[in-house]
Amino acid sequence: MKQLLKAALPRSFISQAVGIKDRAQLGALPSMAFDPSHLRAAGDVSLDTWLNDQDIAEAWQKDSPPITNIYGDDDRYGGVNPGDRRALYYLVMALQPQNILEVGTHIGASTLYMASALKRSGAKGKITSVDITDVNDVETGAWKHVGMNKSPDGFACELDCRDHIDFQTRTSLQFMTKTDERYDLIFLDGDHRAPAVYQEISAALPLLNDGGVILLHDYYPEAQPLYPDNTVISGPFLALERARKENPSIGSIPLGALPWPTKQGSNYTSLALMARVDG
Ligand SMILES: C[S@@+](CC[C@H](N)C(=O)[O-])C[C@H]1O[C@@H](n2cnc3c(N)ncnc32)[C@H](O)[C@@H]1O
């Protein structure tokens, strides 16, 4: 019945209903700690320079064709859209992180673009990609359900970047509250509900190396639509707004319009960086 109702209702209506539930559940959560001391200062974020860098553009021309052969030049398999994949590649090339933590592997689209940038930049570290499901399982992996012919692990071997990836099957919080590793970039693209992202941000901040950044996906500024389909995923925005109210030194920098297309004929991305501002 629930599935039938979901199929019959417009997606924009469903996203509004989810937003209302998200606000209520977030409001019921007790306050958590947010330590922004390791975050990169907002003044050291140069998105225009990074996204228009000619050396990175040349590297992209070399590295992207074999990955795009796998994931396509649209978002037919799910995963982040092609424009966002390119933005992730550029950010990794620009920020030169040694260690990356990703929450939400799914089919590995974001993972493989970031791993390829890590490899290109000569990083000694790796990308640890955590998912609540075993993304490489031959029966239950998302890759199988969406009709891909290999798991993220298989594609990583094919692209010769397997050494740069550590796949972990755990919830984000199970992983983040146990690990002793520290990261230069943490990408949150797992459970997009506000209470989950609020807890993930609190857990992620202490895991950053000095000058590190947290990158959110599906961040819709002011919980307003970004694309023509009028849908909104409000959780990441609501979660970060609450964290910022509780610690005004945390700033949000939405990437906004990219120099290339993302999806639905738009150049807008839902990627947003977290950086430290003077509170
Ligand atoms: C939108 S998909 C990620 C897409 C991926 N970044 C890509 O480009 O292919 C979200 C993923 O997060 C995972 N997920 C959901 N809740 C999670 C949690 N609490 N901890 C870890 N992973 C979670 C889901 O299983 C799903 O695979």
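**Overall fold, core and ligand shell**

The protein chain contains 11 helices and seven strands. The structure discussed here is a predicted model, and a helpful place to begin is its overall form. Along its principal axes, the C-alpha trace spans about 50 × 45 × 35 Å. For a chain of 279 residues, a compact globule would have a radius of gyration near 19 Å, and the value for this chain is 18 Å, which agrees. Of the 279 residues, 45% count as buried. Among contacts with a separation of 6 or more, 78% are accounted for by residues 24 or more positions apart.

Turning to the interior, the largest nonpolar core has 77 residues, and V92, I186 and I201 are those with the most contacts inside it. Helix α5 (residues 82-95) gives the most to this core, with eight residues. The surroundings of I186 can be followed by eye in the structure: beyond residues up to four places away in sequence, I186 touches L101, A204, L207, L208 and I214.

The ligand comes next. There are 21 residues around the ligand, and G79, G104, H106, G190 and D191 come nearest. Two elements, α6 (109-121) and β2 (127-131), are the ones that give two or more residues to this shell. Sorted by class, the shell holds eight nonpolar, 10 polar and three charged residues.

Helix α6 deserves a look of its own. From its first C-alpha to its last, α6 reaches 19 Å with 13 residues, close to the 18 Å expected at 1.5 Å a residue. The helix is mostly covered, with 10 of its 13 residues buried. The buried residues of α6 are A109, S110, T111, L112, Y113, M114, A115, S116, A117 and L118. After α6 comes G122, whose phi is positive, near 80°.

A final example is A203, which is found in helix α10 (residues 194-204). Is A203 buried or partly exposed? A203 has 19 C-beta neighbours inside 10 Å, while a buried residue needs 20 or more; A203 therefore counts as partly exposed. Leaving aside neighbours within four places in sequence, A203 is in contact with L173, M176 and T177. Its C-alpha atom is separated by 14 Å from that of S37, a residue 166 positions apart from A203 along the chain.

Note on methods. Residues numbered from 1 in each chain as written. Predicted model: local features only at pLDDT ≥ 70, side-chain atom pairs only at ≥ 80, totals over all residues. Core = buried A, V, L, I, M, F, W, Y, C linked by C-beta atoms within 7 Å. Buried ≥ 20, exposed ≤ 12 C-beta atoms within 10 Å, placed from the backbone. Helix = DSSP H or I, 4+ residues; strand = E, 2+ residues; numbered from the N terminus. Contact = placed C-beta atoms within 7 Å. Near = placed C-beta within 6 Å. Nonpolar A, V, L, I, M, F, W, Y, C, P; charged D, E, K, R; others polar. Expected span 1.5 Å × (residues − 1). Rg over C-alpha atoms; globule rule 2.2 N^0.38 Å.
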